[in-house]
Amino acid sequence: MNHIKYVMLNGDGGIIRTIELPIYVTRIKGNNVYCLDRECRPRVLGIDTTEFRFKLALVNGKYDEVLHMVRNAKLVGQSIIAYLQQKGYPEVALHFVKDEKTQFALALECGNIEVALQAARALDMKPCWEKLGEVALLQGNHQIVEMAYQRTKNFSKLSFLYLITGNIEKLKKMMKISEIRKDLCGNFQIALFLGDVEERIRILKGCRQNPLAWLTAATYGCSLEGLEGPPEDRETTVLEHQSVLLSPPGPVKHCESNWPLLTVSRGLFDQRLPKESISGGKSIAAAAVVDDEGVAGGAWGDDDEIIIGEDGELVDDAEFQDAPEIGSGWDVDDDMELPPELEVSGAGEVSEVVRGSDPSRAWSGVSQLVADHILGGSIDSAFRLLNDQLGVVEFEPWRAVFERTIASSRLVFSALPLTPPLYAYPHRNWKDSPQWKNLLPAVGMKLSNLIERLQAGYLSTTSGRFTDAVDRFRDILLSVPLLVVNNKQEVQEAQQLIEICKEYIVGLSMEMVRKDLPKDSLSDQKRCCEMAAMFTHCSLQPVHQILTLRTAYKLFFKLKNLKTAANLVRRFLDLGPKPEWATEARKYLQACEKNPTDAHQLDYNQHNPFDICAISYKPIYRGKSVVRCPMCDAAYMPDYRGQLCVVDRCAEIGKDALGLKISAVQFR
C-alpha cells in the first residue's frame, strides 16, 4: 500500500497522494493527515482535497461550491476532464482544457460552435474543419459551414450550399472556379443548377462531345453555328418541337443570416463563470470586432506608390512591399319562465358558424410602430408612418426589407390532408395582454441581429470591397426603423447604429468617387487630396481610421503639402499602427519636418470642425448653413434641399419629421 485513496458513496474513487512507506492513520482534519509510521513516530502529511471535494459538490448538486473551485482551485489533468465529460458536464470541462484538440471535441459535444471555431482555426486540420462543418450544418449555421467547406476545398458541397441558400452570385463564381480548375463534371453540374444552356453547350463542345452539344443547342433553340451535328449515316432522334428549357426555379430570396435558433437561458456555469469564459453583451461599436492584424486588401493601398529612404529622400518602391354536493340553502324557484324572445328555437338545428376575423388586422389599430403595420399587412399606413417619422418619400429600396419582415410574421402548418394550410401568429406580449385584441406580433429581426450583420460590413471595409460594404451598411440602415425594442437604452443603441452606418456610407462613397477622379492636372490632384483628408474625419473603427490616414498622408506628401502631411502622420502614429507601417510613417515625418510648409492652398482646414456634404463631398464648416436628412442625419448644402438623400436613398433632404419611433416607451 503506497497510496492514500478516497472512495465516494456513488462508487467514484481516486488517489490523493503517493507515500513511500506504510503509515497508520489516526486522524484526518482539513488538508492534513495525522498518522504513525512503522517506527511509531507521529507524522503529519499534507494532502490536496480539492479533487474529491469538487466531485462531491458536483454529485450533491452544490453548484456554488463547484463555481468557487472553478474560479480559485487549480483543477487540471485528463482525469478531471474525463470525469466531467462522463458525468454529463462537458461545458464545465471546457473551462479546464488548454489543449486545442480536447477543447474542440468538448465544444462540439456541448454545441458551442464559437469555441469550436476558435479551436479549429488554431488546429487548422482538415478532419477538424470537416467535423465542424457537419455540426454547424445541423445547427443551421451556414456561414461557418461555408468557411469549413472553403478550408477543406470541398467545392461540390460548397456549390450545393450556395444553391440551397439562394446565393446565385457565389454559385456563378464557383462555376468560374471549376472552369479554372478544369473540373468539367463540377462545371457542368453548376451549369445545370443555374440553368445555363450556353455554358453546357460550351462544356460539351470542349470535351469533344459534339453530337451532345449539337443536340442540346437544337433542343433549346440555341445557335448551331460552329457545332458539328451527328454523322449522316447515324440514325438521329427526332426533336420534339414542344420541348422547353428545364431550369431549376430561382430562389425566393437570398438567405444571408444563419437559421434562427431557439432562445434559451444560460446555464448556471455560463451565467457565473468569469468574464473571459462568457460571451456576454457588448456595445454596438465593440460588438463588431475587427481584426487589427488583418491584411487590408482590395481598394486600400492604391496610393502606396512612394517610399522614403533612410535619408528622407524618395526611393524606388521596388525595394519595399449566437365539487362538493350543493346544499339545500342554495335552492331557487325553478318555475320561472323565460321570455319568448329568449327561448331556444329548434333544439335540433345547427347555427351557422361565423368565421372570425384575421388577428393581424388588429395590429395596425393598436400600435404606432412601423413594424406592426407591416406585419399586419397594412403597407399603406406603414408608408405614412415612415413619411411622418423619417421623411421617407421613396419606398422601392424598402422592398427587400419588407419582404423579409413579412415572411417572419406568421407560421404555416397543415391541419387535415387535402385542406388548405393554416396560419398561426406568434405574439411578443402574450404574457402581458390577456385580450387578443391587444396582442402584438413577434418581430423576427432583433437589434442584436443587426449588430452581428455590422461585422460583415466591417470585414468588407477592411478587405477593400467598398461597394459590398456600402450595400451592407445601407441594408442595416433601412432595417433599423423596422425594429421593436423595449427601453430607451435600446432606442439609443439603434440611433447609434444609424450613425455608424451613415458615417461609413458617406466615407466609402466619397473614397470610391476619389479613386475614379482623373489625376492629370494639378486641380485634380488637389481635389483628390481634399477628399482623402476629409475621409480621415469620418467616425470609423480605429483599424479603418489607420487605413484612411495612411492613404491621405502619402497623397499630401506627393503634392508637397508637407505641413499637412506631417499632421496626418502624427494622427496616424497616435492610433498605434503595425510596427512596419509605423517605421515607414516616421520616415515620412522626418522628411516633412525638414520643410514644414504647404505648397498648395486646399479647401481643407483640420482645425475648424466641419460636416461632409454627402453629394458634393465638400466641407461644411461650423457656422455655415446646413440641411440634414431626417432619417440618417447626413449633412448637405442648402442647395440640395428637397432632393433625395444619397445615403439612405429614400428620405427627402430637409423635410420636417418626428424622428425614429421603434418603442412603445417613446409614445408615453
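**Figure 1. Helix 20 packed against helix 21 in the predicted model.** Helix 20 covers residues 447-462 and helix 21 covers residues 466-479. Their axes sit 8 Å apart and meet at an angle of about 160°, and since anything over 145 counts as roughly antiparallel, that makes helix 20 roughly antiparallel to helix 21. The crossing of the two is left-handed.

**Figure 2. Who touches whom between helix 20 and helix 21.** From helix 20, the contact takes in Leu450, Arg453, Leu454, Ala456, Gly457, Tyr458, Ser460 and Thr461. Helix 21 brings Phe466, Asp468, Ala469, Arg472, Phe473, Asp475, Ile476 and Ser479. Sort them by class and you get 8 nonpolar, 4 polar and 4 charged residues.

**Figure 3. The hairpin of strand 1 and strand 2.** Strand 1 (residues 3-7) pairs with strand 2 (residues 13-18) in the antiparallel sense, over 5 bridges. One to look for: histidine 3 has threonine 18 of strand 2 as its bridge partner. There are 5 residues between the strands, and glycine 11 in the turn has a positive phi of about 100°.

**Figure 4. Two stretches with pLDDT under 50.** Over residues 310-333, pLDDT stays under 50, though the model still has 22 contacts beyond four places in sequence for them. Residues 344-350 also stay under 50, with 0 such contacts. Where pLDDT is low, the predicted coordinates should not be read in detail.

**Figure 5. Confidence at its extremes.** Helix 15 (residues 284-287) is lowest, at a mean of 43, while strand 13 (residues 635-636) is highest, at 95. For context, the protein averages a pLDDT of 78, and 74% of the residues score at least 70.

Technical notes:
Residues are numbered from 1 along each chain as its sequence is written. This is a predicted model: local features need pLDDT of at least 70, side-chain atom pairs count only at pLDDT 80 or more; totals for chains, interfaces and linings use all residues. Side-chain values use heavy atoms; hydrogens and water are left out. pLDDT is the predictor's confidence in each residue, from 0 to 100. Helices (H or I, at least four residues) and strands (E, at least two) are DSSP runs, numbered from the N terminus. Contact means heavy atoms within 4.5 Å. Axes are lines fitted to C-alpha atoms, for helices over the stretch in contact, and angles run from 0 to 180 degrees between N-to-C directions. Angles under 35 degrees count as roughly parallel, over 145 as roughly antiparallel, 65 to 115 as roughly perpendicular and the rest as oblique. A crossing is left-handed if the near helix is turned anticlockwise from the far one by less than a right angle, and right-handed if clockwise. Ala, Val, Leu, Ile, Met, Phe, Trp, Tyr, Cys and Pro count as nonpolar, Asp, Glu, Lys and Arg as charged, and the others, Gly among them, as polar. Two strands pair if DSSP finds at least two bridges between them.
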